[in-house]
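Student: Hi! I've got a protein model open and I'd like to get to know it. Can we go through it together?
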Amino acid sequence: MRTAYSVETVRTAEDALMARLPDGALMQRAAAGLAAACADLLGRVYGSRVVLLVGSGDNGGDALYAGARLARRGAGVAAVLLTPERAHAAGLAALLRAGGRVVGAAAGPAAGAAATAGVDAVEEAVLRADLVVDGIVGIGGRGGLRPGAAQLAACVAESRAAVVAVDLPSGVDADTGEVHGAAVRADLTVTFGTHKPGLLIDPAREYAGSVRLVDIGLGGELPAEPVLEALQHADVARLLPMPGGESDKYRRGVVGIAAGSARYPGAAVLAVSGALRGGAGAVRYVGPAGDAVLARFPETLVSDRGPKHAGRVQAWVVGPGAGDDASAVGEVLSSDVPVLVDADGLRLADADGVRARTAPTLMTPHAGEAAALLGVSRETVEGARLRWVRELASRYGATVLLKGSTTLVADAGGGAVRVNATGTPWLATAGSGDVLSGLAGSLLASGLSALDAGSVAAYLHGLAGRYAADGAPAGAHDVAEAIPAAWRDVRD
């Protein structure tokens, strides 16, 4: 499992570790890992042209020390100092001793005869570089880049150089993943000690490129509970509900699906398709699309008498394609089993009724639906996904799965938020969310908690989307069909 910690926690851990290490040892560990990553990206260090964008913080020092290591291996290294008087003095001295130079209007007396003045020189160096190292702003940066740094970021965007960010791209918020204005867009981010939440959450994640974690010894100083968790194959495999020798269809769990309408019968079919592939022993369907469901899935147990009279279930899914009929939503929410609420059900559900439930509730909005529930704009939710998924979970007393480019799952009681990165843009297709709802509902019925059911469903759904598309358009039906392949891949 990948974990991410807040800036405050990272700072505390670094202080505790530095107190036991020789002065500068932690920065040297970071610089060594950074230099190795840069060398790997370059392929050939000797003769390459490297430009360091150096701010006043410690990550500017990391960049300078890493640049010195590359210069000793034969790279031509030039440093652009955004605030020369506040540049890391020992790191700058190390770079100059190794044959590096300072370039641009920021060049000062410390650079000696190697300095070249002028903004044009900076732009020329960046545009001609093979590699740019972004050490402008560290994890403490807030509120976007200042004008001079923003101009440098624009210049970097015009170059063909590979871009490596030090700890995280300058201009993104390490704690929230928010991006305010201009930011450096990296091909690779080399982060130290632990992941930062912004590296795993959009929109900031888009700026990070690939992420490489360098171990600098922080592990023993970090608390047990992170801010963010990202499940990986082994974590999901441990959670998958596998039948045993004594299992039957009822012991494996029965999930009820209350979905679809005369206008949207396909939503019912797709939700049932996801549920049938989610590990439960049986699926009960309640709603007006029974004929369509049976025509596609004859193994479904169909009822037209409403959720209260459908028979025993271990979990309910309600809302996909429901239209304006709130009756099924109310009946399901009054049950004493776990409930997943999606799509129209989110709009039709009584907020007080959701908060009053004693059994687990899992809500699965996309950003637009979350925005409507919160009374803010869609853009507001998309710009601060971590903040708003927590707010929605707290406001409704429910576990919330916020769908999107990075799906987030927040528990009602707080704790670490789960982030899923297996998704693909090909999942942005009609009915894909219905499949996810059925899949997650089936996992709820099998006995997983709302947090685990949502997290595992998002993981499998994302993999299935990749397998179904394989670089070409695919529909929601294809995604559902690919769930068993995703399941096998994780299990094996």
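Student: How many bridges join β2 to β5, and do they run parallel or antiparallel?
Tutor: Five bridges join β2 and β5, and the two run parallel. Strands here are DSSP runs of E with at least two residues, helices are runs of H or I with at least four, and both are numbered from the N terminus. Two strands pair if DSSP finds at least two bridges between them.

Student: Before we go on, what kind of model is this?
Tutor: It is a predicted model, where local features need pLDDT of at least 70, side-chain atom pairs count only at pLDDT 80 or more, and totals for chains, interfaces and linings use all residues. Residues are numbered from 1 along each chain as its sequence is written, and side-chain values use heavy atoms, with hydrogens and water left out.

Student: OK, back to β2. Which strand does V54 meet in a bridge with G135?
Tutor: That strand is β5, where G135 is the bridge partner of V54. V54 also has a bridge partner in β3, namely L81.

Student: So how many bridges are there between β2 and β3?
Tutor: Six, and the pairing of β2 with β3 (residues 76-81) is parallel. Strand β2 itself covers residues 49-54, and five of its six residues are buried. Buried means under 20% relative accessible area, exposed means over 50%, and partly exposed is in between, using a 1.4 Å probe and protein chains only.

Student: What order do the strands of this sheet come in?
Tutor: The order is β4-β3-β2-β5-β6-β7-β8, which makes an open sheet of seven strands with parallel pairing. At the edges stand β4 (101-102) and β8 (210-214); each has a single partner strand, so one side of each has no neighbour in the sheet.

Student: What actually holds strands like that together?
Tutor: Strands of a sheet pair through backbone hydrogen bonds, in either a parallel or an antiparallel way.

Student: How many of the residues in β5 are buried?
Tutor: Five of its five residues. L131, V133 and G135 point one way from β5, while V132 and D134 point the other way, and all are buried.

Student: And what is the bridge partner of D134 in β6?
Tutor: It's A165. Strand β5 (residues 131-135) and strand β6 (residues 162-166) pair in the parallel sense, with four bridges between them.

Student: What comes after β6? Where does S170 sit, for instance?
Tutor: S170 is in the loop between β6 and β7 (188-192). With a relative accessible area of 1%, S170 is buried. Its C-alpha atom is 8.5 Å from that of I139, though 31 residues separate the two along the chain.

Student: Which loop holds D167?
Tutor: D167 is also in the loop between β6 and β7. Its phi is positive, about 75 degrees, although D167 is not a glycine. D167 counts as buried at 8% relative accessibility.

Student: Where is A343, and what is its phi?
Tutor: A343 has a positive phi of about 50 degrees and is not a glycine. You'll find A343 in the loop between β14 (339-341) and α12 (344-348). A343 is buried too, at 17% relative accessibility.

Student: Why point out those phi values?
Tutor: Most residues other than glycine have a negative phi, and most peptide bonds are trans.

Student: Then which sort of peptide bond goes from D202 to P203, cis or trans?
Tutor: That bond is cis, with omega near 10 degrees. P203 belongs to the loop between β7 and α7 (204-208).

Student: Switching to side chains: what does the charged end of R185 sit over?
Tutor: The ring of Y207, at 4.2 Å from the ring centre. A charge sits over a ring if NZ of Lys or CZ of Arg is within 6 Å of the ring centre and within 35 degrees of the ring normal. R355 lies over the face of Y396 in this way, 5.9 Å from the ring centre.

Student: Is D40 buried or exposed?
Tutor: D40 is exposed, at 53% relative accessibility. D40 is part of helix α2 (residues 25-42). The C-alpha atoms of D40 and D336 are 56 Å apart, with their positions 296 residues apart along the chain.

Student: Last one, zooming out: how many helices and strands does the protein chain have?
Tutor: There are 19 helices and 18 strands. The C-alpha atoms fill a box of roughly 85 × 45 × 40 Å along the principal axes, and 56% of the 492 residues are buried.
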